[in-house]
Amino acid sequence: MEAKLNLLRNKIDTFDKMIIQLLAKRLSLVSEVGQFKSEHGLPIYDPEREASMLASRRQEAKSLGISPDLIEDLLRRLMRESYIHENNKGFKTLYPALRSIVIIGGYGQMGSLFRKMLILSGYQVNILDKDDWERSEELLHNPGMVIISVPIHLTEKIIKKLPTLPQDCILVDLCSIKRLPMQAMLSAHTGPVLGIHPMFGADVGSLAKQLIIWCNGRKPHAYQWFIEQMKIWGARLYLINNIEHDQNMAFIQALRHFATFAYGLHLAEEKINLKKLLLLSSPIYRLELIMVGRLFAQDAQLYADIIIQSENNLPLIKRYYTCFGKALCMLENGDKQAFIKNFKYVANWFGDYAKQFLSESQNMLHFANDNL
Ligand code: NAD
């Protein structure tokens with residue numbers, strides 16, 4: 001019996017080795033595609049090609065009796081790896097005549113990422129970090145673009161401190177809040193002004209499919225090339241005005257981070273045994289714990305700023321606190337009917353999204369379970 005099992009396992013091992021060899025060949029082709037895209041200035045993420053390729057592979061899988069979802073999962077993981085490889089090939093320089101780019105705060109997390117991407121795109125990048133102000137005159141001599149990437153609470157102060165920039169210099173900030181920094185940039189500089197907000201952490205391997213939100217400040221035609229350059233990096237660009245940006249970020253960032261912070265604080269104060277909690281966790285609780293725990297592996301200053309620095313956030317967080325209190329009252333009153341009524345009210349409000357989210361979360365739960 002043992003021998004038979006070993007024979008079957010050996011056959012599986014042989015096929016696995018063949019799959020690895022095929023993957024190596026596929027990655028080498030991807031590398032060629034990366035080179036071609038780099039030379040021709042094509043974006044590394046091509047949604048139409050991706051969708052049509054997945055649709056064909058799903059169909060082929062189905063005709064062989066293999067789950068189309070399995071093939072799509074595998075291919076998506078492979079494509080993620082491919083985007084990282086394509087990154088290393090460099091990118092076409094869309095504006096070769098641009099004078100040097102100065103990143104203020106360029107040794108930090110987001111500044112370093114933009115520096116890397118801009119250098120890979122053939123631009124000359126200088127850094128002015130906190131200890132470099134004595135050399136600011138030399139570093140800020142006739143720049144083509146200045147990017148502000150300092151901690152949020154210092155952003156306005158540093159913008160105000162800028163010397164007069166050349167009229168055609170593009171002033172950009174990467175701040176997670178947009179209204180006040182953009183106001184400050186528009187007052188400090190009479191030339192082109194652009195606000196961008198990368199919606200990802202600096203540890204992403206590739207910008208493929210990553211969202212970058214942008215807000216027009218002044219003279220958009222002067223920085224349109226930079227928007228196109230970020231598309232070549234694979235990013236998805238979304239244009240919004242800075243007020244609407246901050247209103248939405250109050251939900252997407254401030255409220256969520258604050259609720260996560262309060263939950264983490266509560267877990268710590270309850271002095272629960274994390275190890276035991278993990279051993280007993282369902283995949284969904286593990287995922288939740290991962291999402292809470294990851295916040296505390298990051299920069300406390302960044303999250304404090306994201307939550308505190310915008311005036312929209314406190315009133316919103318207070319309304320959430322009131323809502324939490326009302327929900328608690330239902331519990332205190334033992335009012336099961338009120339709970340069920342409100343549950344149905346929210347389900348109705350989510351509408352079709354509730355079903356969509358239920359289905360999308362299945363994949364994440366499988367992933368959490370696979371990675372135990
Ligand atoms: P960071 O703390 O990693 O980097 C900030 C950099 O600014 C550091 O190199 C620091 O030395 C430098 N600095 C501090 N004081 C300075 C001064 N007086 N003059 C010049 N440089 C100074 O911060 P970060 O996470 O890279 O954030 C930078 C910007 O990027 C922020 O506006 C933030 O909102 C935005 N952002 C960050 C993330 C992220 O995940 N890190 C995501 C989206 C947007």
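Select helix 13 and colour N313, L316, I317 and M330: these residues are buried. Seen down the axis of the helix, the buried residues fall within an arc of 120°, so they line one face of helix 13. An α-helix has 3.6 residues a turn, so residues three or four places apart point the same way. The model in the viewer is a predicted one.

Now turn to the other side of helix 13, where L314, K318, R319, Y321, K326 and E332 are exposed. To see what lies over the buried face, show helix 9 (242-269), helix 12 (300-308) and helix 14 (336-350), which are among the elements that cover the buried residues of helix 13.

Next, look at helix 13 end to end. The helix runs over residues 313-332, 20 residues in number, and reaches 28 Å from its first C-alpha to its last. That is close to the 28 Å expected at 1.5 Å a residue. Step just past the end of helix 13 and select G334, which takes a positive phi of about 60°.

**The ligand**

Select the ligand and the residues around it. There are 24 residues in this surrounding set, and Q109, M110, D129, W133 and S176 come nearest. Three of them can be picked out by their atoms.

- M110: a backbone N or O atom lies 2.8 Å from an oxygen atom of the ligand.
- D129: a polar side-chain atom lies 2.4 Å from an oxygen atom of the ligand.
- W133: a polar side-chain atom lies 2.8 Å from a nitrogen atom of the ligand.

How much of the ligand does the protein bury? Taken alone, the ligand exposes 820 Å², and the protein buries 86% of that. Then show helix 4 (109-120) and helix 6 (152-161), the elements that give two or more residues to the shell around the ligand. Helix 6 gives the most, with three residues.

**E50**

Move to helix 2, residues 47-63, and select E50 within it. Is E50 buried or exposed? The cut-off for buried is under 20% relative accessible area. E50 has 6% relative accessibility, so this residue counts as buried. To see its surroundings, show Y45, R76, M79, Y83 and K209, the residues in contact with E50 once its neighbours within four places in sequence are left aside.

**M1**

Go to the start of the chain and select M1, in the segment before helix 1 (2-40). M1 is exposed, with a relative accessible area of 92%, whereas E50 is buried. Add G90 to the selection and draw a line between the two C-alpha atoms: M1 and G90 are 54 Å apart in space. In sequence, M1 and G90 are 89 residues apart.

**The whole chain**

Finally, zoom out and show the chain as a cartoon. The chain has 15 helices and seven strands. Switch to a C-alpha trace, which spans about 80 × 65 × 35 Å along its principal axes.

Colour the chain by burial: of its 372 residues, 36% are buried. Show the surface, where the chain exposes about 23300 Å². Carbon and sulfur atoms supply 59% of that exposed area.

Which share of the contacts with a separation of 6 or more comes from residues 24 or more positions apart? Such residues account for 68% of those contacts in the chain.

Key: Residues numbered from 1 in each chain as written. Predicted model: local features only at pLDDT ≥ 70, side-chain atom pairs only at ≥ 80, totals over all residues. Heavy atoms only, no water. Helix = DSSP H or I, 4+ residues; strand = E, 2+ residues; numbered from the N terminus. Buried < 20%, exposed > 50% of the residue type's maximum accessible area, 1.4 Å probe, protein only. Contact = heavy atoms within 4.5 Å. Expected span 1.5 Å × (residues − 1). Arc of directions from axis to C-beta. Near = heavy atom within 4 Å. Polar contact = N/O pair within 3.5 Å; in protein donor to acceptor, adjacent residues only side chain to side chain. Areas by Shrake-Rupley, 256 points an atom, 1.4 Å probe, with all protein chains shown as cover.
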